[in-house]
Structure formats: structure tokens, C-alpha cells
Amino acid sequence: TSVRIYRAAMGCGGSAGNKYGASAGEDVAGSTGNKKVTSISKALCSSAITGAKTHAAAHQQLVETFKSWDVDGDGKLSPEEVLKVCKHMNMKVEIGDIADLFAEMDANGDGSLSFEELADALMETPQLPRYFKLLAAISSEFDAKSKRLVGGDDSIKQEEALQKWLEKQYVNRLQPLIRQIFTHHDKDDSGALSRDESIVLFSSYIEKLKTYADVVVEASLKQKLAEASANEKVIRKVTEKMNGFVQEQIACFDSEKDKNGCYKKAFELLDRSADGEVQVEELLEALTPGRYRYREFHKAMKLVTTEALEAKVKEYTYVSKKGEAQKRNKRDN
């Protein structure tokens, strides 16, 4: 499937719930982990990618940094090699701290770090899966509340109250997690995100969005189509087309992200004060659904927006229903 958490991430609503690890009413902020390990990881990442202006440059710089840290050239980093790097950076760490670091980074438990393990640990955003799951949970709760609206003379007041409820959930539940994302990517603890720190965040966001796009809004899509009086055959055809549409958008971004300067545009959009840094309030606006900069951030990254997704659903539904009607007319005649 390709339409459920993606629509939740785009602020479209749609039920998500238990299948994605977060049920209605369940917050998924999680813990912040070992602070010493986090400090070491952030320092290593800052050293590895400083000065990179694009995602490709950050990746290549990390490749070269890995090679320089791999003193014996065996293609992996030992605890002793990482300790030496930390000492060279004048960090106050002991071998026990490195053991804790490896406990989090060494995915296959072989006692060393491959390039892939280092890249995952330094350039990933562990809070993002929880961010998407929480969006889905809030969306599911919103849908449930929408179904309980009774209509009548005060229907407008009911809808306004529901929108206020939604905004409150974003502020009280989602934004604390966005603040964690900001802190995680503030590798030098400056209180702001530099261009290279922002590039790592943008790249990680896209990778996670791609993962959750595979789970996207089939249930929500079917609900929309049911409202349009679509039969099962139309629903199946439209769902297939929407899956393809979402994947096309992601593939388009994959092939053009550096060439078209998407990251640069996204950074400049978020950097409202034009001081060369992204502040936490600016990131909150970009990652909170319903905000103007949320929509513009996704446009800058050449990702499909809420409006485009809704328009495609309507377009595909109309075409499919028209095709079904023409087939019926031919049979009748």
C-alpha cells in the first residue's frame, strides 16, 4: 500500500492506529537515551560532516572521514580507533564510554562499526519513526471524533472545536518530539541548526518518509472513495494509481534532490531570519501540520502536498467511475 501514514504526515487525516505502533491516545515521545553517548555521537557527526553543502557532499565527506578513522584499513572501526578519534578531539571519554557507544551503534554485535553502522548512527534521526507514528495516532483520534459530530444548528461550532482540539494535540504532543529532533541534530550544541546539520535532518526525514510511504493511507483512501459512492472495482483501481503516484513523487525527489537544490530551498525557507541558521521555532513551523511553512517546506523538497494528493484522488476517482459507466453503457447497448 502507499497512502496512509503519508497522508497523516501531510496533515490529511486518516485512520492509522495500532498497526503502526501507536493507538489513539498513545503518545510516543520515548526516552532521550544515554546523555554521554548522545554527546559523543553528536561530536563525531559534527566533525564528520562540517562544511558539507549538499546531501551528496555530506555522504562523501563521511566516507572520507571513515577511512581516516580506520587506522588499520580493515574496513571497520574498533573501539580503540574510535577512542583515539575522541581523544584527538579533546573529548573526555574512557573506554567504558566507547563500549556504551558501541552498544547503541554496533547493530550486528560483532564488536566493530562498519561504514553503514556509523552512517546510520550519525546521520539518522531516531525520533522520526515516533514522529510519524504520533502523527498517525493523532489523525486516528481526529477521525474518530469527526464521526461523532452530530450536525445541526451548532455544526460550525462543533467543527471549530474539533480543529482547536487538533491544534492542541500538535502543540502539546507533537511539538515536544520536534524539539527532540532539533536537539538531536544540533550536533555542536549551539542552539541552532547550521546548513550542514540541516542537510542531515532533511535527508533523514526523506528516508523515513519513504519508509512510511509504503504503509500509507489505504483505509483513509477507501473512506474518501466510499464517500464518493465508488464501488470496490473503482476503489481498487484508484488505490493502485495512488500507490504509483506517491512512489513517483518519491522517485522524482530521489533523482533530483541535489540537482534542483531542494535542500538549499528548504533551508532558506526555514531560515526566516536569514542568519544562516535554523532556530527551533522555525523547525516547529516546518514540521507541524496545518502551518503555512509545513506546506511550503514539503513543496521546497518537491514532495507531494495535501492539495495535490486530494486532487489526484478526485481525478482518479472521476476517470475510473467514468470508465466503469462507459463499460456498462456498452453492455446495455
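Me: Does Cys45 count as buried or exposed, and at what relative accessibility?
Reply: The model is predicted, and accessibility here is a computed value. A residue counts as buried under 20% relative accessible area. Cys45 has 1% relative accessibility, so Cys45 counts as buried.

Me: Is Cys86 buried or exposed by that criterion?
Reply: The relative accessibility of Cys86 is 0%, and Cys86 therefore counts as buried.

Me: How many disulfides does the model contain?
Reply: A disulfide requires a pair of cysteine sulfur atoms within 2.5 Å. By this rule the count is zero.

Me: Where is Ala107 found, and is Ala107 buried or exposed?
Reply: Ala107 lies in the loop between α5 (95-105) and α6 (115-123). A residue is exposed when its relative accessible area is over 50%. Ala107 has 71%, so Ala107 is exposed.

Me: What separates the C-alpha atoms of Ala107 and Asp120?
Reply: Separation in space and separation along the chain are read as two values. Ala107 and Asp120 are 13 residues apart along the chain, and 9.5 Å lies between their C-alpha atoms.

Me: How should one read the arrangement of helices α13 and α14?
Reply: One takes the approach of the axes together with their crossing angle. The axes of α13 (residues 280-287) and α14 (residues 292-300) come within 6 Å and cross at roughly 80°. Angles of 65 to 115 degrees count as roughly perpendicular, and α13 and α14 are therefore roughly perpendicular to each other.

Me: Which residues make this contact, and how do they divide by class?
Reply: Helix α13 contributes Glu285, Ala286 and Leu287, while α14 contributes Arg293, Tyr294, Phe297 and His298. By class, the contact of α13 with α14 comprises four nonpolar, one polar and two charged residues.

Notes: Residues are numbered from 1 along each chain as its sequence is written. This is a predicted model: local features need pLDDT of at least 70, side-chain atom pairs count only at pLDDT 80 or more; totals for chains, interfaces and linings use all residues. Side-chain values use heavy atoms; hydrogens and water are left out. Helices (H or I, at least four residues) and strands (E, at least two) are DSSP runs, numbered from the N terminus. Buried means under 20% relative accessible area, exposed over 50%, partly exposed in between (1.4 Å probe, protein chains only). Axes are lines fitted to C-alpha atoms, for helices over the stretch in contact, and angles run from 0 to 180 degrees between N-to-C directions. Angles under 35 degrees count as roughly parallel, over 145 as roughly antiparallel, 65 to 115 as roughly perpendicular and the rest as oblique. Contact means heavy atoms within 4.5 Å. Ala, Val, Leu, Ile, Met, Phe, Trp, Tyr, Cys and Pro count as nonpolar, Asp, Glu, Lys and Arg as charged, and the others, Gly among them, as polar.
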